[in-house]
Amino acid sequence: ETITAYREFQAIWGTDDDLTPSPTIVGQGYNDMTHNFFSQELRLNGKLGDMVDFTVGAFLSDQKTTYLTRQDIRYIVPTVPPLFLQFLGDDPVKADSKAVFGTIIVKPSDAMTITGGLRYTDESKSYTFLRTTYDGTSTALPFGVGALNGFTSTYEGNKLDWRISADYRFSPAALAYVTVGTGFKGGGVSARPFNATQAQQGSFGPETVTSYEVGLKTD
C-alpha cells in the first residue's frame with residue numbers, strides 16, 4: 001500500500017502592529033508566504049497463521065516555506081531615524097521528517113485482542129533569517145538585527161514511541177480495554193528573534209507524553 005500527498009499554498013496579508021487606531025503611529029507589515037509539502041508513506045500488511053496480523057511501513061515528508069515580509073516598526077522607538085526600524089525579510093524555512101513503524105495484532109482467542117506497536121521518527125528543521133533595510137543593506141540595522149542576516153537556526157531530534165493495548169469482548173454488547181502508549185510533538189526554532197543571540201538560543205526540544213487509558217464500551 002502506498003500513500004502519496006502534495007500540497008502548496010500562498011498567503012498574502014497585512015498587519016497593523018502598533019495595535020492602535022491612531023494613523024500617526026507607524027507600525028505596519030506586509031507578508032507573503034509560500035508553502036510546499038510532499039509526503040510518501042509505504043505500508044505492508046500481512047498475516048501469520050490465523051492468530052497474527054501485522055503492518056510495517058515507512059514515512060517521509062519534505063516541506064519548504066518562504067516567508068517574505070516588509071516591516072515598519074518605528075512605533076517601538078519613535079525618536080530613532082526610520083531607516084533603523086524598517087527591514088525586509090525573505091526567510092526560507094525547511095522541515096523534514098522520516099519514520100519507520102510496525103504494528104502486530106494477536107488474537108489468542110475470539111474474545112481477546114492484544115496489539116503492540118513501535119515507531120521511530122527522525123526530524124530536522126531550519127530557519128534562515130534574511131534581514132536587510134529597504135535599500136538592501138544590513139549593517140545599518142540596530143540592536144543586532146543586521147547580524148541576523150544569513151544566520152540559520154536549526155533543530156534536530158529523534159524519538160522512539162511505543163504502544164501496547166489489550167481488549168476483551170464479554171459479549172457482542174460489551175468490550176473492555178486497556179492501553180498504554182507514548183507520543184511527542186516535535187521541537188523547533190523561534191521564528192521571532194530580534195537579534196542573533198536570541199536566534200542562537202531559540203531552539204526548543206519536543207514535548208513528550210505517556211498516556212494510560214482503561215475503558216468499557218457498551219451497546
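In which helix is the place of glutamine 200? Glutamine 200 sits in helix H1, residues 196-200. The close-up views below come from a predicted model.

**View 1. Glutamine 200 and its distance from arginine 43.** Glutamine 200 belongs to helix H1. Its relative accessible area is 53%, so glutamine 200 counts as exposed. Arginine 43 lies 157 residues away along the chain. The C-alpha atoms of the two residues are 39 Å apart.

**View 2. The largest nonpolar core.** This core has 7 residues in all. Its members are Tyr67, Tyr127, Phe129, Leu148, Tyr155, Val189 and Ala199.

**View 3. Leucine 148 and its contacts.** Leucine 148 is one of the residues of the largest nonpolar core. Residues up to four places away in sequence are left out of the contacts shown here. Beyond them, leucine 148 touches Phe129, Arg131, Pro193, Phe194, Asn195, Ala196 and Ala199. Among these contacts, Phe129 and Ala199 also belong to the largest nonpolar core.

**View 4. A salt bridge between arginine 131 and aspartate 91.** The model has 4 salt bridges. In this one, the closest N and O atoms are 3.0 Å apart. The pair joins distant parts of the chain, 40 residues apart. Arginine 131 lies in the loop between strand E5 (112-129) and strand E6 (151-171). Aspartate 91 lies in strand E4, residues 86-106. Are these two residues buried or exposed? Both arginine 131 and aspartate 91 are buried. Arginine 131 also touches leucine 148.

**View 5. A salt bridge between glutamate 41 and arginine 43.** The closest N and O atoms of this pair are 2.7 Å apart. Glutamate 41 has a relative accessible area of 14%, so it is buried. Arginine 43 has a relative accessible area of 32%, so it is partly exposed.

**View 6. A salt bridge between aspartate 161 and lysine 159.** The two side chains meet at 2.7 Å, N to O. Why does aspartate 161 count as buried? Its relative accessibility is 9%, and the cut-off for buried is under 20%.

**View 7. The largest pocket.** The space in this pocket is about 380 Å³. Strand E1 (2-16) and strand E3 (52-72) are the elements that give two or more residues to its lining. E3 gives the most, with 3 residues. How many residues line the largest pocket? The lining has 18 residues. Asp17, Gln71, Ile73, Phe87 and Arg192 lie nearest the pocket centre. By class, the lining divides into 11 nonpolar, 4 polar and 3 charged residues.

**View 8. The second largest pocket.** About 200 Å³ of space lies here. The lining consists of Val93, Lys94, Ala95, Lys125, Tyr127, Gly187, Gly188, Val189, Ala191 and Phe204. Tyr127 and Val189 are also members of the largest nonpolar core. Which element gives the most to this lining? E4 does, with 3 residues. E4, E5 and strand E8 (188-189) each supply at least two lining residues. By class, the lining has 6 nonpolar, 2 polar and 2 charged residues. Strand E4 also holds aspartate 91, the salt-bridge partner shown in View 4.

Terms used:
Residues are numbered from 1 along each chain as its sequence is written. This is a predicted model: local features need pLDDT of at least 70, side-chain atom pairs count only at pLDDT 80 or more; totals for chains, interfaces and linings use all residues. Side-chain values use heavy atoms; hydrogens and water are left out. A nonpolar core is a set of buried Ala, Val, Leu, Ile, Met, Phe, Trp, Tyr and Cys residues joined through side-chain atoms within 4.5 Å. Buried means under 20% relative accessible area, exposed over 50%, partly exposed in between (1.4 Å probe, protein chains only). Contact means heavy atoms within 4.5 Å. On a 1 Å grid over the protein atoms alone, a cavity is a set of points where a 1.4 Å probe fits but cannot get out, and a pocket is an open set with protein on both sides within 12 Å along at least five of seven lines; lining residues have an atom within 4 Å of a point. Grid points are joined across faces, edges and corners, and a volume is the space filled by probe spheres set on the points. Ala, Val, Leu, Ile, Met, Phe, Trp, Tyr, Cys and Pro count as nonpolar, Asp, Glu, Lys and Arg as charged, and the others, Gly among them, as polar.
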